[in-house]
Amino acid sequence: MARPELVLASASPRRIELLALIGISPDRIDPADIDETPLKDETPPRLAARLAITKAKTVAERSPEAVVLAADTVVAVGRRLLEKPADPAEAEKFLRLLSGRNHRVFTGVAVATGETVRHRVVETRVSIKRLSDAEIADYVAGGDWKGKAGGYGIQGPAAAFVLKIVGSHPAVMGLPLPESVNLLAGAGWSK
């Protein structure tokens, strides 16, 4: 019996690269276009789970015979969510908030097969060094913050800001690999 088609419900180049690191190449990329607005009083881990599950379900409806892998990453300082900055001013504000502090990154990953959805949320704690005004200005001017939760990407120039990570480095990049492999195996998909 042929293995089912694997559909990645994301156009994120980072997720594609992470999957390639472990020898997985999706058969198809089909980004889910959903409303990512947090619900009133929604906690960061619940938001990460809901978004990943909703993305997986949305794409599974279009591809009922496939195995759909979806993920979403949420950055939080306490209960405060730091979404994708809308503009350079918001990116600077986020970096000033993160400077010299610890924060948490929650990555939800979901696998849908038909109407069945399995999911996990991975929490990683990240410590950012105290950032100078020049470091913040240079980073914002470089544009690497665009489209990234919390206004930074750990796989790019902001790697120089990270003092410590407790948890999953790939999850901070957008996809927890062991959890993804386990969820795919639980759905009957293997390389």
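**Figure 1. Gly 100 in the loop between H3 and E5.** Gly 100 is found in the loop that runs between helix H3 and strand E5, in a model that is predicted. With a relative accessibility of 36%, Gly 100 counts as partly exposed. Leaving out residues up to four places away in sequence, Gly 100 touches Ile 128, Lys 129 and Arg 130. Gly 100 and Leu 163 are separated by 63 residues in sequence, while their C-alpha atoms are 9.4 Å apart in space.

**Figure 2. Arg 101, also placed in the loop between H3 and strand E5 (102–113).** The relative accessibility of Arg 101 is 38%, and this residue counts as partly exposed. When its neighbours within four places in sequence are set aside, Arg 101 is in contact with Val 77, Val 126, Ser 127 and Ile 128. Ile 128 thus appears in the contact list of Arg 101 and in that of Gly 100. A distance of 23 Å separates the C-alpha atoms of Arg 101 and Arg 46, two residues that are 55 residues apart along the chain.

**Figure 3. Helix H4 and its buried face.** Ile 136, Tyr 139 and Val 140 are the buried residues of H4. Viewed down the helix axis, these buried residues fall within an arc of 95°, so they line one face of H4. They pack against helix H3 (88–98), whereas Asp 138, Ala 141 and Gly 142 are exposed residues carried on the face of H4 that is turned away from its buried side. Just after H4 comes Gly 143, which takes a positive phi of about 80°.

**Figure 4. Ala 149 in the loop between helix H4 (133–142) and strand E7 (162–166).** What is the relative accessible area of Ala 149, and is this residue buried or exposed? The value is 15%, and Ala 149 is buried, given that the term applies under 20% relative accessible area. With residues up to four places away in sequence not counted, Ala 149 touches Thr 73, Val 75, Leu 82, Glu 83 and Lys 84. Ala 149 and Met 173 are 24 residues apart in sequence, and the distance between them, C-alpha to C-alpha, is 10.0 Å.

**Figure 5. Helix H1 and the elements that its buried residues pack against.** Within helix H1, which spans residues 13–21, Arg 15, Leu 18 and Leu 19 are buried. These residues cover an arc of only 100° around the axis, which puts them on the same side of H1. The packing partners of the buried residues of H1 are two strands and two helices, namely strand E1 (6–8), strand E3 (67–77), helix H5 (169–173) and helix H6 (177–186). After H1 comes Gly 23, whose phi is positive and near 80°.

**Figure 6. Asp 41 and its backbone angle.** Asp 41 lies in the loop between strand E2 (28–29) and helix H2 (44–62). Most residues other than glycine have a negative phi. Asp 41, a residue other than glycine, nevertheless has a positive phi, near 65°. With a relative accessibility of 62%, Asp 41 counts as exposed.

**Figure 7. The protein chain from which the close-up views are taken.** The chain holds six helices and seven strands, which follow one another along the sequence in the pattern β-α-β-α-β-β-α-β-β-α-β-α-α. Its radius of gyration is 17 Å, close to the 16 Å that the globule rule gives for 191 residues, so the chain is as compact as a globular protein of that length. Taken along the principal axes, the box filled by the C-alpha atoms is roughly 60 × 35 × 25 Å. Of the 191 residues, 48% count as buried, and among contacts with a separation of 6 or more, 67% are accounted for by residues 24 or more positions apart. The accessible surface comes to about 9,300 Å², and 51% of it belongs to carbon and sulfur atoms. The chain has 26 positive and 23 negative side chains, with the centres of the two sets lying 6 Å apart.

Notes. Residues are numbered from 1 along each chain as its sequence is written. This is a predicted model: local features need pLDDT of at least 70, side-chain atom pairs count only at pLDDT 80 or more; totals for chains, interfaces and linings use all residues. Side-chain values use heavy atoms; hydrogens and water are left out. Helices (H or I, at least four residues) and strands (E, at least two) are DSSP runs, numbered from the N terminus. The radius of gyration is taken over C-alpha atoms; the globule rule is 2.2 Å times the number of residues to the power 0.38. Buried means under 20% relative accessible area, exposed over 50%, partly exposed in between (1.4 Å probe, protein chains only). Contact means heavy atoms within 4.5 Å. Accessible areas come from the Shrake-Rupley method with a 1.4 Å probe; for residues, only the protein chains shown count as cover. Lys and Arg count as positive and Asp and Glu as negative; His and the chain ends are not counted. The place of a charge is taken as NZ of Lys, CZ of Arg, CG of Asp or CD of Glu. The arc is that of the directions from the helix axis to the C-beta atoms.
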